[in-house]
Amino acid sequence: MHDLAQTIYESYPSLAFQQPSPPPHDTHRTFSPSLRPSPPSETNIFFREYQPLSVIIPWMRLLQSLFPSHVRMINIGITYEGRDIPALRVGVHPNNSEKPSRPRKTIIVAGGSHAREWISTSTVNYIAYSFITGYGKSKSMTELLEKFDFIFLPVLNVDGYIYTWENDRLWRKTRQQTSLRFCKGLDLDHSWGFEWDHSSSSKSNPCSEGFSGEEPFEAVESRRLANWVRNETEHNNVTFVGFLDFHSYSQQVLYPYSYSCTDTPPSLENLQELAIGLAKAIRLTNSQIYGVTSACEGSVTAGKRSNDKKSPIWPRVETGGGSALDWFYHEARVPYAYQIKLRDTGSYGFLLPADNIVPTGEEALAAVKYLGSWLLGNKGIESEDEEKGDFARWRESTKPVVRRPMEVGHEAQEVERGGDETEKGGGFEGEMQWELKRRRR
Ligand SMILES: [Zn+2]
């Protein structure tokens, strides 16, 4: 990449600001039982470009109104700056009053924790659209929607995402005020309450890209999602069975734990086996190779790569303690939790050209379908009831489902300490390398 400014300019859709792309008119047409399901690439202008939130939200509403039998738009909570965190709940609930209703098994497909990782947002939307329009046409997707609910959450970091559209294309964190006036934002993927870590400068410095906050769940958006998950579990008869957290870039399927390579998850073999299956499903779609490793190793690998001058420099801010991945696996007891880093491997990085939206969506869709078929088959959760495997024993023997994150309340406080520009740029290795890379490009 030679000219960073030009590349950033080109990553925005043409005329996006003057004239938002209209909602897809042809979604209607695709949901006719007489037509073959058409891939979104052929039918849908929505996936030709990255879309701003001002287009995504009406698009989600449109899907809800076109497909009321199996789509509902929901709100996970309110962001630091006061916006809704929208999601689509997709699933078919057969009405059978004879039987008492069993807990609804639910899979969360999330993206947009890190604002600049636009491909994660477009990918969640692509998968959502494919499932929604595939219902009644695709046998496998119809079966999955009858057995599971899917929560499609395209942008957790809503404030940050908007900031990447309006101010800084390469912004990563939220827009929450920190103790330093000129350094806004918490790293959502270091803000979760399991093995939250404040030990390194990358996590404790408010100016750092990986700032984890002053305490667990200080970040409003992760706290909202955790509270929502707890509420669904305790009061809405939901059992979360899968969590896919899409990020970019580096093409990796990462399984728990992120915080430590020495502690191994109790269901390691299952996690690995499915992870390999996910990567294979991806490869068989468009021949893209995604590595499979534990999330902590993913971090180490990134460090190694950065020492090799020929390889792309990857920021080391991605993994570590306080990740959503670990929290969902360990605290929410979701048996299959993965972080999937999408395209590419460094040529464009976060500025992935829009012609990757559809092929990346296709390969990620294959992974989600694979996850679903795994959960339906005699593997994973379906067999746990009978076999009482390691994970099931662990889940029963240890404490509770979801710990209550701190109550909301202090996000409005503004603490000003210093607030001098010179405090900016606390300088840890990965961040510096990333900054250098930004400038070099
Ligand atoms: Zn990320």
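**Why we call it that**

Guide: Of the 441 residues of the protein, 49% count as buried. A residue is buried here if 20 or more other C-beta atoms lie within 10 Å of its own, exposed if 12 or fewer, and partly exposed in between, with C-beta atoms placed from the backbone. One caution up front: this is a predicted model, where local features need pLDDT of at least 70 and side-chain atom pairs count only at pLDDT 80 or more, while totals for chains, interfaces and linings use all residues. Residues are numbered from 1 along each chain as its sequence is written.

Visitor: How confident is the predictor, going by the average pLDDT of the protein?

Guide: pLDDT is the predictor's confidence in each residue, on a scale from 0 to 100. The protein averages 81, and 72% of the residues score at least 70. Residues 15-36 fall below 50, though that stretch still has 31 contacts in the model beyond near neighbours in sequence. Residues 399-404 are below 50 too, with 11 such contacts. Where pLDDT is low, the predicted coordinates should not be read in detail.

Visitor: What makes two residues a contact?

Guide: Their C-beta atoms, placed from the backbone, have to lie within 7 Å. Of the contacts in the protein with a separation of 6 or more, 77% are between residues 24 or more positions apart.

Visitor: What do you count as helices and strands?

Guide: They are DSSP runs numbered from the N terminus: H or I over at least four residues for a helix, E over at least two for a strand. By that rule the protein has 16 helices and eight strands.

Visitor: What makes two strands partners, and in which order do the strands of the open sheet run?

Guide: DSSP has to find at least two bridges between them. The eight strands form an open sheet with mixed pairing, in the order 1-2-4-3-5-8-6-7. Strand 1 (71-78) and strand 7 (291-294) each have a single partner strand, so they stand at the edges, with one side of each left without a neighbour in the sheet. From one strand to the next, the twist averages 25°.

Visitor: How do you know that strand 1 and strand 2 pair?

Guide: Strand 1 and strand 2 (residues 84-90) share six bridges in the antiparallel sense, against a requirement of at least two, so they qualify as a pair. Within strand 2, leucine 88 stands opposite methionine 73. Helix 4 (residues 53-66) packs on the sheet here, touching strand 1 and strand 2, and its direction makes about 140° with that of strand 1. Helix 12 packs on the sheet as well, touching strand 5, strand 6 and strand 8, at about 165° to the direction of strand 8. Such angles run from 0 to 180 degrees between N-to-C directions, using axes fitted to C-alpha atoms, for helices over the stretch in contact.

Visitor: Why is phenylalanine 240 called buried?

Guide: Phenylalanine 240 has 25 other C-beta atoms within 10 Å, so it counts as buried. It sits in strand 5 and touches Thr106, Ile108, Val229, Thr233, Ala332 and Val334, not counting residues up to four places away in sequence. Its C-alpha is 7.6 Å from that of isoleucine 108, 132 residues away in sequence.

Visitor: And what makes isoleucine 56 buried?

Guide: Isoleucine 56, in helix 4, has 22 other C-beta atoms within 10 Å, so it is buried. Leaving aside its neighbours within four places in sequence, isoleucine 56 is in contact with Gln51, Asn125 and Pro154.

Visitor: How does the span of helix 9 compare with what is expected?

Guide: The expected span is 1.5 Å times one less than the number of residues. Helix 9 (residues 220-235) has 16 residues and reaches 22 Å from first C-alpha to last, close to the 22 Å expected. Its buried residues, including Leu225, Ala226 and Val229, pack against strand 1, strand 2, strand 5 and helix 12. Just after helix 9, asparagine 237 takes a positive phi of about 60°.

Visitor: What is unusual about the backbone at glutamine 251?

Guide: Glutamine 251 has phi near 55°, a positive value in a residue other than glycine. It lies in the loop between strand 5 (238-248) and strand 6. With 20 other C-beta atoms within 10 Å, glutamine 251 is buried.

Visitor: Which residues does a cis peptide bond join?

Guide: One joins proline 256 and tyrosine 257, with omega about 0°; tyrosine 257 is in the loop between strand 6 (252-255) and helix 10 (268-286). Another joins arginine 343 and aspartate 344, with omega about -5°.
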